[in-house]
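Colleague: I am new to this structure and would like to go through it with you. May I put some short questions to you as we look at it?

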Amino acid sequence: MEDEQSFSDICGGRLALQRRYYSPSCREFCLSCPRLSLRSLTAVTCTVWLAAYGLFTLCENSMILSAAIFITLLGLLGYLHFVKIDQETLLIIDSLGIQMTSSYASGKESTTFIEMGKVKDVVINEAIYMKVIYYLCILLKDPVEPHGISQVVPVFQSTKPRLDCLIEVYRSCQEILAHQKAASASP
């Protein structure tokens, strides 16, 4: 079963949350933000090239124009490959673990997997970032102290959804964690 719902990020931008229910013990959440705007790309490119042309008219050195084109292309490729994330995915399977995937605009993907045995809980935390923002995070068990927390792993770091979206994901994660705890408790 799959459904899609619209939400906002902390800056008011549009986000799309796709939920896929594979089974009672496996769910996937994909948060997609809008693709790179051609208007903003054109504005930045024109600004850099106009500034380079202005320097060219003052210095009369054609290397300035070549450098501006080269820097613009390298900057765009770097931005698409290392910065602009189009989609973040959280896949939770009660018997295996949690997988987080970030898909960049260039097509590159970055994946992190956390074994379910290391997961203590999934919580919504708050932080002060010019205002109060909320984020979903995974608490990892401390291997030395059974009741302690060794690490906090934030989820959806790039898309930064608002609280209403986080609550949807949180509830589903808690259902799966409860299902996993019940399955591991019964012989």
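Colleague: Is phenylalanine 156 buried or exposed?

Modeller: The model is a predicted one. In it, phenylalanine 156 has a relative accessibility of 6%, so it counts as buried, the cut-off being under 20%.

Colleague: Where does phenylalanine 156 lie?

Modeller: Phenylalanine 156 is in the loop between strand 9 and helix 3. Its phi is positive, about 55°, although the residue is not a glycine. As background, most residues other than glycine have a negative phi.

Colleague: Which other residue that is not a glycine has a positive phi of about 55°?

Modeller: Glutamate 60 has one. This residue lies in the loop between helix 1 and helix 2. Glutamate 60 has a relative accessible area of 67%, and it is therefore exposed.

Colleague: Let us turn to the core. Which residues of the largest nonpolar core touch the most other members?

Modeller: They are Leu90, Ile98, Ile138 and Phe156, in a core of 26 residues. At least two core residues come from each of strand 2, strand 3, strand 4, strand 5 (97–104), strand 7 (119–128), strand 8 (132–141), strand 9 (149–155) and helix 3.

Colleague: And which element gives the most to this core?

Modeller: Helix 3 does, with six residues.

Colleague: What does isoleucine 138 touch?

Modeller: Leaving aside residues up to four places away in sequence, the contacts of isoleucine 138 include Ile98, Met100, Ile114, Val119 and Val122. Asp121 and Gln151 are also among them, as are Val152, Val153 and Val155.

Colleague: Now the sheets. In what order do the six strands of the open sheet stand?

Modeller: The order is 1-2-3-4-5-6, with antiparallel pairing. Strand 1 (2–8) and strand 6 (109–115) are at the edges; each has a single partner strand, so one side of each lacks a neighbour in the sheet. On average, neighbouring strands of this sheet are turned by 15° against each other, direction ignored.

Colleague: What packs on that sheet?

Modeller: Helix 3 (residues 163–185) does, touching strand 1, strand 2, strand 3 and strand 4 (85–93). The direction of helix 3 makes about 165° with that of strand 3.

Colleague: How many bridges pair strand 1 with strand 2?

Modeller: Strand 1 and strand 2 pair over seven bridges in the antiparallel sense. Across this pairing, serine 8 stands opposite arginine 14 of strand 2. The hairpin they form has five residues between the strands, and glycine 12 there takes a positive phi near 95°.

Colleague: And how many bridges join strand 2 to strand 3?

Modeller: Seven bridges join strand 2 (residues 14–23) to strand 3 (residues 26–32), and these two run antiparallel. Here arginine 20 has glutamate 28 of strand 3 opposite.

Colleague: What about the open sheet of three strands: what is its order?

Modeller: That sheet has the order 7-8-9, again with antiparallel pairing. Strand 7 and strand 9 are its edge strands, each pairing on one side only. Its twist averages 35° from one strand to the next. Strand 8 and strand 9 are joined by six bridges, and leucine 139 stands opposite valine 152 in strand 9.

Colleague: Which helix lies across strand 7 and strand 8?

Modeller: Helix 3 lies across them, running at about 160° to strand 7.

Colleague: Changing topic, at what angle do the axes of helix 1 and helix 2 cross?

Modeller: The axes of helix 1 (residues 38–59) and helix 2 cross at roughly 160° and come within 8 Å. Angles over 145 degrees count as roughly antiparallel, so helix 1 and helix 2 are described in that way. The crossing is right-handed.

Colleague: Which residues make the contact?

Modeller: From helix 1, the contact includes Leu41, Thr45, Val48, Trp49 and Phe56. From helix 2, Ile64, Leu65, Ala68, Ile69, Thr72 and Leu76 take part.

Colleague: A last residue: is lysine 84 buried or exposed?

Modeller: Lysine 84 has 12% relative accessibility, so it counts as buried. The residue lies in the loop between helix 2 (63–82) and strand 4. Apart from residues up to four places away in sequence, lysine 84 touches Cys33, Pro34, Arg35, Leu36, Tyr79, Tyr104 and Ala105.

Note on methods. Residues are numbered from 1 along each chain as its sequence is written. This is a predicted model: local features need pLDDT of at least 70, side-chain atom pairs count only at pLDDT 80 or more; totals for chains, interfaces and linings use all residues. Side-chain values use heavy atoms; hydrogens and water are left out. Two strands pair if DSSP finds at least two bridges between them. Helices (H or I, at least four residues) and strands (E, at least two) are DSSP runs, numbered from the N terminus. Axes are lines fitted to C-alpha atoms, for helices over the stretch in contact, and angles run from 0 to 180 degrees between N-to-C directions. Contact means heavy atoms within 4.5 Å. A nonpolar core is a set of buried Ala, Val, Leu, Ile, Met, Phe, Trp, Tyr and Cys residues joined through side-chain atoms within 4.5 Å. Buried means under 20% relative accessible area, exposed over 50%, partly exposed in between (1.4 Å probe, protein chains only). Angles under 35 degrees count as roughly parallel, over 145 as roughly antiparallel, 65 to 115 as roughly perpendicular and the rest as oblique. A crossing is left-handed if the near helix is turned anticlockwise from the far one by less than a right angle, and right-handed if clockwise.
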